[in-house]
Amino acid sequence: MGVEETIGVTETAPIPKQRGEQLLDHAVRYAEERHWDVFAGTWLEPKDGRELCSCGAEDCPAPGAHAAVKDWASHATGSAVQVRRVWARQPQASILLPTGRTFDALDVPDSAGFLALARLERMQRTLGPVTLTPDHRMLFFVLPGAGAKMADLVRKLGWTLSSIDLVARGEGEYVAAPPTRYGGRGSVQWARRPTPANRWLPDTEELIDALAYACGSEAAAERRRRQG
């Protein structure tokens, strides 16, 4: 499955198999075509009929999809030559992208994300790439600096960050890139693929109203369900 493949708002896509050459190809494309830094994370290892994270933790919360070393930030590279060298050593390693460098990510529940995505498209807003993760999250790629401004932007729209499930992933954090696989839960996929048209990312201000509205609506619905 290539970088150009995507899934739509209402359709489903087959989960890509995580073969070594696929991971290498994707990692190289992210570095060459998007100029994103990438680094290799953990991977899945078969054991007793199961696939366990290479970190060795039986209860790993993100098996095969997290940083393998504490100083992961120093290992992130935008060099395709270095990327090939890293994945040649461990072809099953997950593909992780540091945030706070060329992009931040606005992280929301997928139910709110699909609602916001449809709203943003109706309003013909500029959209960057968007990922969909197996743990039911959607991440909207935006220009760096989202964390510093998001609380104020959300407050002006009538919400607080503590009341809605909306998180900015920025400096010192990372996200898993397609087709990285989370244990047996499935693979990270593109809800909106990287294309030449979305090479220039939107600023947080361009997406925050739709995302905050969708997250606020989801939070209100969840409160009603608990009370009912």
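This is a short walk through a predicted model, from its helix packing to its cysteines and a few unusual backbone spots.

Let us begin with the helices, and with H5 in particular, which spans residues 204-227. Helix H3, residues 110-122, meets H5 with the two axes coming within 8 Å and crossing at roughly 140°. An angle of that kind makes H3 oblique to H5, and the crossing is right-handed. If you would like to find the contact on screen, H3 contributes Ser111, Ala112, Leu115, Ala116, Arg119 and Leu120. From H5, the partners are Glu206, Leu207, Ala210, Leu211, Tyr213, Ala214, Cys215 and Glu218. Sorted by class, the residues of this contact are ten nonpolar, one polar and three charged.

While you are on H3, take a look at Leu117, which also sits in this helix. Leu117 is buried, with a relative accessible area of 0%. Ala27 is 90 residues away from Leu117 along the chain, and the C-alpha atoms of the two are separated by 26 Å.

H5 has another helix to meet. Helix H4, residues 146-156, comes within 11 Å of H5, axis to axis, and the two cross at roughly 45°. H4 and H5 are therefore oblique to each other, and H4 passes H5 in a right-handed crossing. Here Ala146, Lys149, Met150, Leu153 and Val154 of H4 meet Thr204, Glu205 and Ile208 of H5. This contact holds five nonpolar, one polar and two charged residues.

Next, the cysteines. How many disulfides does the structure hold? The count is zero. A disulfide is a covalent bond between the sulfur atoms of two cysteines, and the cut-off used here asks for sulfur atoms within 2.5 Å. For Cys53, the closest cysteine sulfur belongs to Cys55 at 3.5 Å, which is too far for a bond. For Cys60, the closest is that of Cys53 at 3.9 Å, again too far for a bond. Cys53 counts as buried at 4% relative accessibility, and Cys60 counts as buried at 13%. Cys55, by comparison, is partly exposed, with a relative accessible area of 40%.

Cys55 is found in the loop between strand S3 (50-53) and helix H2 (80-89). Setting aside neighbours within four places in sequence, Cys55 is in contact with Thr42, Cys60 and His66. To link this region to the helices above, Cys55 and Leu115 are 60 residues apart in sequence and 36 Å apart in space, C-alpha to C-alpha.

His66 deserves a stop of its own. His66 lies in the loop between S3 and H2. Is this histidine, His66, buried or exposed? His66 is buried, with a relative accessible area of 17%. Not counting residues up to four places away in sequence, His66 touches Gly41, Thr42, Cys53, Cys55, Cys60, Ser94, Leu96 and Tyr174.

Tyr174 also appears among the contacts of Thr99. Thr99 lies in the loop between strand S4 (95-98) and strand S5 (104-109), and Thr99 is buried, with a relative accessible area of 2%. Again leaving out residues up to four places away, Thr99 touches Asp104, Ala105, Arg169, Gly170, Glu171, Gly172, Glu173, Tyr174 and Val175.

Now for some backbone details. The peptide bond from Pro178 to Pro179 is cis, with omega near 0°. Pro179 is found in the loop between strand S9 (174-176) and strand S10 (189-192).

Two histidines are worth a glance for their phi angles. His35 has phi near 60°, a positive value in a residue other than glycine, and His136 has a positive phi of about 65° although it is not a glycine. His35 is in the loop between H1 and strand S1 (39-40), whereas His136 is in the loop between strand S6 (130-132) and strand S7 (137-142). His35 counts as exposed at 55% relative accessibility, and His136 counts as exposed at 53%.

Our last stop is Arg29, in helix H1 (residues 20-33). Arg29 counts as partly exposed at 30% relative accessibility. Arg29 and Ala220 are 191 residues apart along the chain, and their C-alpha atoms are separated by 40 Å.

How values were computed
Residues numbered from 1 in each chain as written. Predicted model: local features only at pLDDT ≥ 70, side-chain atom pairs only at ≥ 80, totals over all residues. Heavy atoms only, no water. Axes fitted to C-alpha atoms, helices over the stretch in contact; angles between N-to-C directions. Helix = DSSP H or I, 4+ residues; strand = E, 2+ residues; numbered from the N terminus. Parallel < 35°, antiparallel > 145°, perpendicular 65-115°, else oblique. Left-handed = near helix turned anticlockwise from the far one by under 90°. Contact = heavy atoms within 4.5 Å. Nonpolar A, V, L, I, M, F, W, Y, C, P; charged D, E, K, R; others polar. Buried < 20%, exposed > 50% of the residue type's maximum accessible area, 1.4 Å probe, protein only.
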